[in-house]
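Okay, everyone, thanks for coming. Let me put the structure up on the screen, and then we'll walk through a few spots together.

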Amino acid sequence: MPSSSKALTLDNINPNFIAMEYAVRGPLVIRAGEIEKELEKGVKKPFDQVIRANIGDCHAMGQQPLTFLRQLMALTFETRLLDSPEYPEDVKKRACAILNGCQGQSVGSYTDSAGLEVVRRQVAQYIEKRDGGIASDWQDIYLTAGASPGIKSILSMINSEVGCKPPGVMVPIPQYPLYSATISEYGMTKVDYYLEEETGWSLGRKELQRSYDEAKKVCNPRALVVINPGNPTGQVLTRENIEEIIKFAHENKVLVLADEVYQDNV
């Protein structure tokens with residue numbers, strides 16, 4: 001078909017989609033998949049497997065799944081299994097609590113926009129326990145379908161010009177490319193701040209301020225992304241470091257996006 005007859009072309013789609021890059025799923029990964037298929041077909045190479053080190057796909061690298069979570073999902077989807085002696089009582093208790101929090105006692109029913117109240121309360125209890133007893137209000141908890149949709153929701157919300165300047169988002173370098181890709185997708189400005197390799201990839205207040213002040217010339221920094229534990233650097237911020245970051249954000253009126261996905265791995 002001639003290109004003129006197509007409803008969608010590179011000339012008439014959102015140009016931000018052309019500019020965005022998501023390296024962890026880019027050409028290298030595509031080539032890795034091709035090599036895996038070649039190995040399956042018996043093509044001789046100086047190796048017999050491909051190790052995918054491009055993304056934190058724990059299960060693909062051999063980490064065993066958490067049995068509790070798998071059993072919990074099974075019980076909430078197939079409630080007849082609640083009568084089975086094969087499942088531990090603590091899993092059954094949790095499954096019943098979740099089902100009782102669902103309309104019609106079915107996980108297929110619609111939930112509140114912020115998510116199931118029973119789960120939000122459990123999340124708040126987890127945060128309070130993790131943080132040494134500091135109170136966490138379940139009504140401040142908003143559940144999403146994963147870290148990426150949550151991040152996108154917040155970035156979408158702050159994607160607004162202030163003082164005739166586009167919004168900026170401060171991201172650590174090295175960073176996880178979800179941020180740079182989403183910032184490009186939304187037409188926002190990526191503001192780089194650099195982790196200090198010499199001190200174990202720590203985050204310095206001086207570097208944050210430098211990055212912020214430079215960015216103010218061209219955009220309005222609205223949010224600060226902090227990845228802790230680091231991805232891909234693996235560093236864990238000290239309490240002193242975290243306090244510095246929070247003070248910086250407060251003084252400069254920027255939102256903190258605390259990406260703590262790997263905290264349980266530590």
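So, helix H5, residues 117-130. Keep in mind that this is a predicted model. H5 has 14 residues, and going from its first C-alpha to its last you cover 20 Å, close to the 20 Å expected at 1.5 Å a residue.

Which residues of H5 are buried? They are Val118, Arg120 and Ala124. If you look down the axis of H5, those buried residues fall within an arc of 160°, so they line one face of the helix. And what do they pack against? That would be helix H4, residues 89-100. Now go round to the other side of H5, and you'll find Gln125 and Lys129, which are exposed. Just after H5 there's Gly132, with a positive phi of about 75°.

Okay, on to backbone angles. Most residues other than glycine have a negative phi, and most peptide bonds are trans. Let's look at some exceptions.

Take Cys164: not a glycine, yet its phi is positive, about 65°. You'll find Cys164 in the loop between helix H6 (147-157) and strand E1. Is Cys164 buried or exposed? Its relative accessibility is 73%, and over 50% counts as exposed, so Cys164 is exposed.

Trp201 isn't a glycine either, and it has a positive phi of about 65°. Look for Trp201 in the loop between strand E2 (189-194) and helix H8 (205-215). Trp201 has a relative accessible area of 24%, so we call this one partly exposed.

Now the peptide bonds. Where are the cis ones I'd like you to see? One joins Ile173 and Pro174, with omega at about 5°. Pro174 sits in the loop between strand E1 (167-173) and helix H7 (178-185). Another cis bond joins Asn228 and Pro229, and there omega is about 0°. Pro229 is in the loop that runs between strand E3 (220-227) and helix H9 (239-252).

Let's zoom out. The chain is divided into domain 1 (1-63), domain 2 (67-140) and domain 3 (147-259). How far apart are the C-alpha centres of domain 1 and domain 2? They lie 36 Å apart.

Last bit: an unreviewed UniProt entry annotates residues 103-264 as "domain: Aminotransferase class I/classII large". Over that stretch, residues 103-264, the chain is 36% helix and 16% strand, with 31 Å between the end C-alpha atoms.

Definitions and conventions
Residues are numbered from 1 along each chain as its sequence is written. This is a predicted model: local features need pLDDT of at least 70, side-chain atom pairs count only at pLDDT 80 or more; totals for chains, interfaces and linings use all residues. Side-chain values use heavy atoms; hydrogens and water are left out. Domain bounds come from an automatic or database domain assignment. Helices (H or I, at least four residues) and strands (E, at least two) are DSSP runs, numbered from the N terminus. Buried means under 20% relative accessible area, exposed over 50%, partly exposed in between (1.4 Å probe, protein chains only). UniProt positions are given in the numbering used here, feature names are shortened, and annotations may be inferred rather than shown by experiment. The expected span of a helix is 1.5 Å times one less than its number of residues. The arc is that of the directions from the helix axis to the C-beta atoms. Contact means heavy atoms within 4.5 Å.
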